[in-house]
Amino acid sequence: MKLHDPQPRPGSHQPPRRLGRGHGSGRGKTAGRGTKGQKSRAGGGIPAWFEGGQTPLHVRTPKLHGFKNRFRVEYAPLNLGRLADAAAGTLITPDVLRHDQLLRDQKTRPMPVKILGGGDAPRGVTIHAHAFTRSALAKLAEAGSTAQLISWPDGAPIEFETEPKPEPKPRSKRAAKPAADDATAEEDAPRADEASPVEDEPAAAESESES
């Protein structure tokens, strides 16, 4: 037996179909591609994402509509005006606010509480919350109340300053212009050691009259 002697088993290999070789072959005319159209052309085809000409899904989906922070903390807001009727010496905590139904529904998940500065502040009370606005802190300080910041989510109290920090004054470029104008004015002003030409003219006139 030589290398050219081995042959495949009869029937294991079939010759390829010869398409488009006349009606007698059984694969003439459309060559097994059906009738006319895009799919019957050589190189023609429809991509998987094509939807017949309507607006495709990748165009219908919203995009480029801003940025959404995944780590944003959403607060349950509450204005000071809703606590104005609290008696002096009352301790107001998030649990008390939920019991009195002063916060919005939090059945799905609990939310930290943020006190806003709307309305009049209660007098002589202590408020525990997870965040305060500057206006709320200012009103509570004027009313003699105490604002205590608690951490989220464990609720352990932490140190907090009740007085808001003063905002830095913006620097303006116009402040440097008067100084420059003063410098130019000093340069333009005559020096004391320099004699003015107006004073020299009368002296010259007197010398001519004497002569």
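A residue counts as buried under 20% relative accessible area, as exposed over 50%, and as partly exposed in between (1.4 Å probe, protein chains only). The structure is a predicted model, in which local features need pLDDT of at least 70, side-chain atom pairs count only at pLDDT 80 or more, and totals for chains, interfaces and linings use all residues. Residues are numbered from 1 along each chain as its sequence is written, and side-chain values use heavy atoms, with hydrogens and water left out.

The chain has five helices and six strands, in the order α-β-β-α-β-β-β-α-β-α-α from the N terminus. Helices (H or I, at least four residues) and strands (E, at least two) are DSSP runs, numbered from the N terminus. Of its 211 residues, 18% are buried.

A nonpolar core is a set of buried Ala, Val, Leu, Ile, Met, Phe, Trp, Tyr and Cys residues joined through side-chain atoms within 4.5 Å. The largest one holds 22 residues, of which Leu97, Ile115, Ile127 and Phe132 touch the most other members. At least two residues each come from β1 (76-79), β3 (113-116), β4 (126-129), α3 (134-143) and β6 (146-149); α3 gives the most, with four residues. Beyond its neighbours within four places in sequence, Leu97 has contacts (heavy atoms within 4.5 Å) with Leu78, Leu83, Ile92, Leu102, Leu103 and Val113.

Most residues other than glycine have a negative phi. Two residues with positive phi are tabulated here.

| Residue | Phi | Location | Relative accessibility |
|---|---|---|---|
| Ala31 | near 55 degrees | segment before α1 (57-60) | 17%, buried |
| Gln101 | about 60 degrees | loop between α2 (94-99) and β3 | 68%, exposed |
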